[in-house]
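Biologist: Got a minute to walk me through this one? I'd like to see it before we get into details.

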Amino acid sequence: MSTSTTKLKEGLLYLGLLLPLAWYGHRLLQRPSFSSAEPQLIYQGITYSRHVETAPRPQVIHILEIDLTAPGLKPFSTPSYEETQTRKPQTENRRTQAQRTSDFLQTHQLQLAVNANFFYPFKEIAPWNYGPRSGTPTSLVGVAISNSEIISQPHPRYSALCLWDGRAEIVWEQPCPTGTEQGVSGQPLWLKEGSPPEAMAFVADSLKSKRAYPLTIAALNAEGTRLWLLLSDGKQPLYSEGTTIKEASERLKALGAVTAVQLDGGGSTTLAIEVEGRPQVINAVIHAKVPGLDRPVANHLGFYAQPLAPQPK
């Protein structure tokens, strides 16, 4: 074998090793700035802020404060998978199609979207070996309602965020109130003073609740007219390692929330907004250990919102 051929093979080998590293490094550079952002009105009724902490660990937390009574503001949740609608009666759970949060936002021309329910089946082995894929039928855990259609029923030890006509309520282990238009579900969080009910305490005291992790949490004020969405980035050492349930709960209580529900988290934690007609993921997503990959999930909670009024020149 000639020397030139050997050098060519060595060069191709080094290139094959460097390309994945360069791709990974590029994704790291695309993450949001590791700096706080003061509350800013991004649509009518929706305020966004970013909070950076360095102790007890690096963490980046995104908070949206949503006035559910704002003119033109309307929630929307993932509809059921059409092919199953005629095969199952209303009393049985239906399925949805997995979709990236950014695709959900663009498909339905929303201004804001986050991931919602826990779901199955799920696997995350490598960037090329995961499930569900976009378009794959998935099953939901807990309540799911889209445009008044019940897609999934209540589940033991799960709470539901129920929304309708400028108001919302979080219920536990029961159906949403009559007239609910949109609903999503997750594990209950206890924000009130005193001790939680026994079953809810079981969830709160689980080992999973004590670790720092990427989170998606929805919380309400006492009147049910103000919704907070808290998303914590995680699984990314030296940038954002995640937030504990206790830390997130204390932050939400300080904002004025009295009840909350923990939606699916981990690599599912995704926040997308519409910017000049296109979806933009504004948190540091991670899927299959790769930063910047937007995971397909079973369902979402989104909002239609009016743009800000033009500022006078």
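Modeller: Sure, let's go through a helix, some salt bridges and a few strands.

Modeller: Keep in mind that this is a predicted model.

Biologist: Okay, helix 5 first. Which of its residues are buried?

Modeller: Helix 5 covers residues 245-255, and its buried residues are Ile-245, Ala-248, Ser-249 and Leu-252. Looking down the helix axis, they fall within an arc of 100 degrees, so they line one face of helix 5.

Biologist: And what's exposed on the other side of helix 5?

Modeller: Lys-246 and Ala-254 are exposed there.

Biologist: What covers the buried residues of helix 5?

Modeller: The cover includes strand 16 (182-189), strand 17 (215-220), strand 18 (226-232) and strand 19 (259-263).

Biologist: What about the residue just after helix 5?

Modeller: That's Gly-256, and it takes a positive phi of about 115 degrees.

Biologist: Switching to charges. How many salt bridges does a search of the whole structure find?

Modeller: Five. One of them sits within helix 5: the side chains of Lys-253 and Glu-250 meet at 3.3 Å, N to O.

Biologist: How far apart are Lys-253 and Glu-250 along the helix?

Modeller: They are three residues apart in helix 5, so about one helical turn separates them. As a rule, an α-helix has 3.6 residues a turn, so residues three or four places apart point the same way.

Biologist: Are those two buried or exposed?

Modeller: In between. Lys-253 is partly exposed at 27% relative accessibility, and Glu-250 is partly exposed at 43%.

Biologist: Which residue does Glu-65 bridge to?

Modeller: Glu-65 forms a salt bridge with Arg-226, and their closest N and O atoms are 3.2 Å apart. Glu-65 is in strand 3 (residues 59-67) and Arg-226 is in strand 18, so this pair ties together parts that are 161 residues apart in sequence. Strand 18 is also among the elements that cover the buried residues of helix 5.

Biologist: How accessible are Glu-65 and Arg-226?

Modeller: Both come out as partly exposed: Glu-65 has a relative accessible area of 27%, and Arg-226 has 28%.

Biologist: And what does Arg-295 meet in a salt bridge?

Modeller: Arg-295 meets Glu-124, at 2.7 Å from N to O. Arg-295 lies in the loop between strand 23 (290-291) and strand 24 (296-297), while Glu-124 is in strand 9 (residues 123-126), so the pair ties together parts 171 residues apart in sequence.

Biologist: Is Arg-295 buried or exposed?

Modeller: Buried, at 5% relative accessibility. Its partner Glu-124 is partly exposed, with a relative accessible area of 30%.

Biologist: On to the sheets. What's the strand order in the open sheet with five strands?

Modeller: The order is 4-25-7-20-21, with antiparallel pairing. Strand 4 (74-77) and strand 21 (278-281) are the edge strands, each pairing on one side only. On average, neighbouring strands of this sheet are turned by 25 degrees against each other, ignoring direction.

Biologist: How many bridges join strand 20 and strand 21?

Modeller: Four, and strand 20 (residues 271-275) pairs with strand 21 in the antiparallel sense. Val-275 stands opposite Arg-278 of strand 21.

Biologist: Last one: what do strand 12 and strand 13 form?

Modeller: A hairpin, with two residues between the strands. Strand 12 (residues 144-146) and strand 13 (residues 149-152) run antiparallel and are joined by three bridges. Ser-146 stands opposite Glu-149 in strand 13, and Asn-147 in the turn has a positive phi of about 50 degrees.

Key: Residues numbered from 1 in each chain as written. Predicted model: local features only at pLDDT ≥ 70, side-chain atom pairs only at ≥ 80, totals over all residues. Heavy atoms only, no water. Buried < 20%, exposed > 50% of the residue type's maximum accessible area, 1.4 Å probe, protein only. Arc of directions from axis to C-beta. Contact = heavy atoms within 4.5 Å. Salt bridge = Lys/Arg side-chain N within 4 Å of Asp/Glu carboxyl O. Pairing = 2+ DSSP bridges. Axes fitted to C-alpha atoms, helices over the stretch in contact; angles between N-to-C directions.
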